[in-house]
Amino acid sequence: MDALNALVAFANFVFIPGLAYGAQLAMGALGVTLIYGILRFSNFAHGDTMAFGTMVTILLTWGLQSLGISFGPLPTALLALPFAIGITGLFLLGTDRVIYKFYRAQKVKPVILVIVAMGVMFVYNGIVRFIIGPDDIGFRDGVSRLISPREFKEWSGLAEGLGLRTTTVITLVTAFIAMALLFWFLNKTRTGKSMRAFSDNEDLALLSGINPERVVMVTWMIVAALATTAGVLYGLDKSFKAFTYFQLLLPIFAAAIVGGLGSPQGAIAGGFVIAFSEVTVTYAWKKVYNYLVPEAWETTSLLQLLSTDYKFAVSFGILIIVLLFKPTGIFKGQSV
Amino acid sequence: MKHLLMATAATALMATGAMADGHTGDVKIGIILGFTGPLESITPAMGAGAEMAIAEVNEAGTLLDGASVEGIRADSTCIDAAAATAAAERLVTSDGVHGIMGADCSGVTGAILQNVARPNGVVMVSPSATSPGLSTADDDGLFFRTAPSDARQGVVMTEVLIDRGITEVALTYTNNDYGKGLADAFQAAYEEAGGTVTINAAHEDGKADYSAEVAALASAGGEVLVVAGYTDQGGKGIIQASLDSGAFDTFVLPDGMVGQQLVDDIGADLNGSFGQFPGTDSEGAELFLGLAEAAGFDGTGAFSPESYDAAALLMLAMEAAGSNASADYAGHLMDVANAPGTEIFPGELAKAIELLKAGEEINYVGATAVELIGPGESAGNYREIEIQDGAIETVRFR
């Protein structure tokens, strides 16, 4: 019974939150890694792209709600998501046409594009705050919990409760579908293959007749889809605030680099590595430990490696270790 | 010789200036509150409360042989100590105020006290700064507050918990002066009363996800979770995450966490949680609400009655001293606020002035049952509340 309690506490406070957070990070890291692989620069505006996409989703959700349209037990935001992806895609293409295209034509060094991306980041940041404001916005509706911890305790008779939120399940399912679609697209379709060819060797790809502008356009559309979905999932699961999306940039980049920049598999692995490290290192293991050991060994100390204030430090610690010992990341992406 | 002449002339000029200042008969009171910044939603009602007391005294027209009182507003910003200091400096040097009603937040209040009030010798009465640190700050006898120190709230919260038979709690606070001060005061009082605080952990406001913080709190355990935070910030996030993961079912809510918005946002899961915030069942509170309604502002706003009391105390102390100079009336503030004497309620400021003129003593009760203790701060009356069926119900007064 005690071992079961330990397992439930672990699942409730470490495994399930880590899984959801990991999926959200992985979706974000996929967008970063695609841009790095194909357009060859670090897109610092990615966190704010997520914020922009989520903002459009929220506005559309409000519109749908005022029309009385809902998605039954699921959040209305999922209905608004496809339209928001379209709008965000157009917005990104517009940015590309106005800004990045100019620099691409000049064949500038990647480091200049990084600075340009930072400028774009600040502008996006301002646009989002200007339109929807800097405050916390919750836009979740529908059924909030699949399993309530209180009911679980009564049902199982355990001392520990297990909570499962609808948004956690939606996050995992949506992330899985999005990743499967992405891999199918990259590996099986003609456009996907031409994108990979462009990423592997730009000159050879151009010689074999691939239209670079088309590759760029498709990339931005995919990035818009990934970023908006990642942003909406994070916002549904937690809450939307322009500033927290900007901060998400740090763990997302850590995930992409740890997995290997330019490698989609790496981005997914990196997302989960970062998420689970953050959660396990800052978790206080007292409860789980006390359930597992005989009574005589029980402890009153929290058994917490790092205070939760240092959550972000964990991703940076891992980042430094990876860059020192395996600069190309777990999945051998392009060297940073 | 020439220098001496000039010096003499200058001195004479300044002396007459000072004399003129002391005898113009007008009284100026600076109202420095965070009209912009995090408290901007409640400061309008606070300013209106203070201005209502001033209007009441002006209507009587008897203060200090017919002086008229002028309230001058300034912006403390609540968070920017430099901006607050500059605004207070302007009030004192340029507008020449005789007393300051303010400031609101503990951090800027401390800054104004040290940088402006003490160097210039001006009395300050804050209606809402609650940090325990201000109790021991050097103030040259110039600083008072009509709000209780959070040290007092820590004691009251301890009584609430012990009376309910709860002896083990987890504690989390918002990482600023207010949260830290309240958490430490509560922990000290609670442990002295025999309770156990399993964990005392900070949380940052403005984050999207508090599941990691809640996981640590849950692991430490405790019958209830004390959340010394803000309703629309991390405090709400902590409660939501605790309920989602089943870490805690019952929460203790200090003053920053008591708000109908929180009850509406969280819903039925919050039923059974309890807490306390400043409040009184004295008849002064009712009288104040009526006056506020007649004056056209919301008297139920947080710290609005305290603001009325702060401004009223300043003016009554001036009357008791027969002078609007801070050095003269600072010593009289405690006298007019406390027993013995005739009890004075809101709307009776004219009567209070008459009594003082007749040489009698008054005991200002005001809107918040003012009783100044120790270093000149309100003893504090608290309303113990419990969330029942989605409404904040009063259990009793402490």
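**Exercise 1. Which residue stands opposite Gly99(B) in E4(B)?**

Solution. Start with some ground rules: the model is predicted, so local features need pLDDT of at least 70 and side-chain atom pairs count only at pLDDT 80 or more, while totals for chains, interfaces and linings use all residues. Residues are numbered from 1 along each chain as its sequence is written, and chains are lettered from A and ligands numbered from 1 in the order in which they are written.

Step 1. Helices (H or I, at least four residues) and strands (E, at least two) are DSSP runs, numbered from the N terminus. Two strands pair if DSSP finds at least two bridges between them.

Step 2. E3(B) and strand E4 (residues 123–126) of chain B run parallel and are joined by three bridges. Within E4(B), Val123(B) stands opposite Gly99(B).

Step 3. Now look at another partner of E3(B): strand E1 (residues 27–33) of chain B pairs with E3(B) in the parallel sense over four bridges. Here Ile31(B) stands opposite Met101(B).

**Exercise 2. Find the order of the seven strands in the open sheet of chain B, and its edges.**

Solution. Step 1. Strands of a sheet pair through backbone hydrogen bonds, either parallel or antiparallel. In this sheet the order is E7-E6-E8-E9-E10-E15-E16 (chain B), and the pairing is mixed.

Step 2. At the edges you will find strand E7 (196–203) and strand E16 (391–397) of chain B; each has a single partner strand, so one side of each is left without a neighbour in the sheet.

Step 3. On average, neighbouring strands are turned by 25° against each other, direction ignored. For such angles, axes are lines fitted to C-alpha atoms, for helices over the stretch in contact, and angles run from 0 to 180 degrees between N-to-C directions.

Step 4. Take one pair: strand E10 (residues 274–278) and strand E15 (residues 382–388) of chain B are antiparallel, with five bridges. Gly275(B) has Ile385(B) as its bridge partner in E15(B).

Step 5. Add the helices. Helix H7 (residues 177–192) of chain B lies across strand E6 (168–174), E7 and strand E8 (224–228), at about 165° to E6(B). Helix H8 (residues 211–220) of chain B also lies across E6, E7 and E8, running at about 175° to E7(B).

**Exercise 3. Describe how the two domains of chain B meet.**

Solution. Step 1. Domain 1 covers 27–149 + 282–378 and domain 2 covers 151–280 + 384–397 of chain B; these bounds come from an automatic or database domain assignment. Their C-alpha centres lie 31 Å apart.

Step 2. Two residues are in contact if their C-beta atoms, placed from the backbone, lie within 7 Å. By that rule, 14 residues of domain 1 of chain B are in contact with nine residues of domain 2 of chain B.

Step 3. On the domain 1 side, helix H4 (106–120), helix H5 (133–136) and strand E5 (143–148) of chain B each supply at least two residues. That side has five nonpolar, nine polar and no charged residues. In this count, Ala, Val, Leu, Ile, Met, Phe, Trp, Tyr, Cys and Pro are nonpolar, Asp, Glu, Lys and Arg are charged, and the others, Gly among them, are polar.

**Exercise 4. Turn to chain A: at what angle do H1(A) and H11(A) cross?**

Solution. Step 1. The axes of helix H1 (residues 2–38) and helix H11 (residues 264–282) of chain A come within 7 Å and cross at roughly 145°.

Step 2. The residues that meet include Gly18(A) and Leu25(A) in H1(A), and Gly271(A) and Phe272(A) in H11(A). By class, this contact has 15 nonpolar, seven polar and no charged residues.

Step 3. H1(A) also matters for the chain pair, where 25 residues of chain A are in contact with 17 residues of chain B. The largest share of the chain A side, three residues, comes from H1(A).

**Exercise 5. Is Cys78(B) buried or exposed?**

Solution. Step 1. A residue is buried if 20 or more other C-beta atoms, placed from the backbone, lie within 10 Å of its own, exposed if 12 or fewer, and partly exposed in between.

Step 2. Cys78(B) has 24 such atoms within 10 Å, so Cys78(B) is buried. Although not a glycine, Cys78(B) has a positive phi of about 70°.

Step 3. Compare Arg40(A), which has 16 other C-beta atoms within 10 Å and is therefore partly exposed. Arg40(A) is not a glycine either, yet its phi is positive, about 65°.
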